[in-house]
Amino acid sequence: MKKKQKILILQERLFDSPNANSKVVFRICARLRQIGCDVHVLGVAKTATEHIVEYGGIHLIHEPADRVKDIRDLKQRLGRFSWLGYVLRPRSIWYRINNKRSTPFYLEARLWLHKHVSEYDILIACCSPYYTIALAAECAGQIPLIYYKLDPIGVKHGQGDADGAMATVENEMVWDNVASRIITTHAAFGSYVQLPTRVNASKVVLAYFPNIYERKLSGHKINIAAYFGINTYNLFFVGRFYYHLRHPQFLFDLMERLKDTTIVLHIVGPLDGKMGFEKEFVDKYFTNKIPNIRFHGAVPPEEADDLLLLADGLVHVGNAQECWMPSKILDYISSGKPILNICKIRNCPTLPLMERYPIGMTIFEDEGISDLVSERVREFCMQNKGRQVPYEQIEKLYPECTIEYVGKQFDDTIQTAIKEFKQKQI
């Protein structure tokens with residue numbers, strides 16, 4: 001019997017979260033397991049339900065994160081005597097010495113990797129954040145490496161936080177030099193070849209997000225009355241807004257133009273400091289003061305997925321950068337529901353996907369919000385209420401975005417990387 005290939009995946013977040021990248025990675029992991037791979041994931045559990053030994057047959061590694069948590073919890077229990085933590089847990093001194101260069105989890109994950117990496121056949125690092133790739137690159141020569149760049153590094157070169165500061169062109173080139181293969185989106189590749197990073201372009205495998213699959217209601221109990229009013233058209237945005245990347249001002253202005261109609265916008269997703277909005281903006285639009293804009297906050301992932309199927313229509317807000325493909329658009333398409341796609345730029349990467357979609361409408365923010373635009377939106381919503389594209393048709397329209405297709409791309413890339421690595425060792 002053929003031995004199962006043992007795959008180690010580095011991923012920031014584990015699976016019990018609404019994080020889009022985590023969902024994409026889980027779909028890949030589940031597909032690799034389905035075709036016979038032994039999949040292990042090293043990441044950080046954010047909730048108690050994530051802290052389990054395995055998830056759907058995928059092994060979850062908690063040891064590095066648990067070491068960090070143990071020390072942090074001890075210092076909190078000690079209160080004003082937290083300095084005793086350095087005596088009771090000398091490892092915390094090591095964290096303190098390195099805190100300007102590396103996070104405690106990064107340090108622990110590095111130790112764990114160098115101890116255990118030889119147990120695996122291949123290492124796949126998923127970003128963002130980017131420290132996963134930096135960690136993987138340290139294992140070059142010991143194991144074949146694949147990077148899955150779900151988000152483009154190029155747009156973050158040298159920016160703000162510690163992780164963004166790691167993402168210099170020079171670092172990316174050093175990391176990529178030792179990679180066997182790099183899997184990324186068509187949109188991200190466009191910026192990749194415009195930078196000096198293009199020297200490694202031959203290693204790149206282009207793949208769409210594996211978000212096209214047949215969706216069914218989960219059975220999760222939903223408070224229907226909270227979402228679906230009587231005689232209203234319920235338009236849903238499910239996800240997260242960002243000040244610089246995905247600002248919703250145009251959408252909100254549009255909804256205020258439509259306030260005398262039956263169209264109600266429901267926003268389902270987290271509201272936190274990462275969005276970057278000012279307090280006045282949040283108070284105006286995220287406190288349900290505007291009658292046809294309803295903010296529901298974060299909900300369980302299965303509830304968010306169910307709402308895509310229950311909505312009358314979905315509204316998608318594109319990103320402000322052409323190199324950043326939002327995976328959400330494929331989630332929306334997979335639902336088969338009418339989609340209103342708002343583009344911030346004329347070369348939005350969602351356009352080629354939306355051109356194939358039978359019941360979609362795209363509007364550009366640079367058109368402004370005239371009576372003509374608002375009337376077009378109203379007519380689109382009313383004329384398509386109750387419609388849904390059958391999954392069989394969606395699967396035929398987007399075969400390269402299915403879990404099966406992208407899963408095969410990963411499997412083929414893994415086999416090639418392992419084969420080439422073994423040849424170099426001879």
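**Close-up views of two open sheets and a nonpolar surface patch**

**View 1. Strands E5 and E6 in the sheet of 8 strands.** Leu-123 stands opposite Leu-145 in E6, in a model that is predicted. The two strands concerned, E5 (residues 122-127) and E6 (residues 145-149), pair in the parallel sense over 5 bridges. They belong to an open sheet of 8 strands with the order E3-E4-E2-E1-E5-E6-E7-E8, in which the pairing is mixed. At the edges of this sheet are strand E3 (54-55) and strand E8 (204-206), each of which pairs on one side only. Helix H1 (residues 20-34) packs on the sheet and touches strand E1 (6-13), strand E2 (38-44), E3, strand E4 (58-61), E5 and E6, while the direction of H1 makes about 165 degrees with that of E1.

**View 2. The parallel sheet of 6 strands and its edges.** An open sheet is formed by 6 strands in the order E11-E10-E9-E12-E13-E14, with parallel pairing. Strand E11 (293-297) and strand E14 (360-364) each have a single partner strand, so one side of each is left without a neighbour in the sheet. On average, and with direction ignored, neighbouring strands of this sheet are turned by 25 degrees against each other.

**View 3. Strands E13 and E14 with the helices packed on the sheet.** Strand E13 (residues 339-343) pairs with E14 in the parallel sense over 5 bridges, and Cys-343 stands opposite Phe-364 in E14. Helix H11 (residues 249-257) packs on the sheet, where its contacts are with strand E9 (233-238), strand E10 (263-268), E11, strand E12 (313-317), E13 and E14, and its direction makes about 150 degrees with that of E10. Helix H16 (residues 371-384) also packs on the sheet, touching E9, E10, E13 and E14, with a direction that makes about 165 degrees with that of E14.

**View 4. The two faces of edge strand E11.** Strands E10 and E11 run parallel and are joined by 4 bridges, with Ile-267 standing opposite Phe-295 in E11. In a regular strand the side chains alternate between the two faces of the sheet. In E11, the covered face holds Ile-293, Phe-295 and Gly-297, whereas Arg-294 and His-296 make up the uncovered one.

**View 5. A nonpolar surface patch that includes Leu-88.** Phe-81, Trp-83, Val-87 and Leu-88 together make a nonpolar surface patch of about 430 Å². Leu-88 lies in helix H3 (residues 85-88). Leu-88 is partly exposed, its relative accessible area being 48%, and therefore passes the requirement of over 30% that applies to residues of a patch.

Conventions:
Residues are numbered from 1 along each chain as its sequence is written. This is a predicted model: local features need pLDDT of at least 70, side-chain atom pairs count only at pLDDT 80 or more; totals for chains, interfaces and linings use all residues. Side-chain values use heavy atoms; hydrogens and water are left out. Patches are made of residues with over 30% relative accessible area and no salt bridge: like charges are joined within 9 Å, nonpolar side chains (Val, Leu, Ile, Met, Phe, Trp, Tyr) within 5 Å. Accessible areas come from the Shrake-Rupley method with a 1.4 Å probe; for residues, only the protein chains shown count as cover. A salt bridge is a side-chain nitrogen of Lys or Arg within 4 Å of a carboxyl oxygen of Asp or Glu. Buried means under 20% relative accessible area, exposed over 50%, partly exposed in between (1.4 Å probe, protein chains only). Two strands pair if DSSP finds at least two bridges between them. Axes are lines fitted to C-alpha atoms, for helices over the stretch in contact, and angles run from 0 to 180 degrees between N-to-C directions. Contact means heavy atoms within 4.5 Å.
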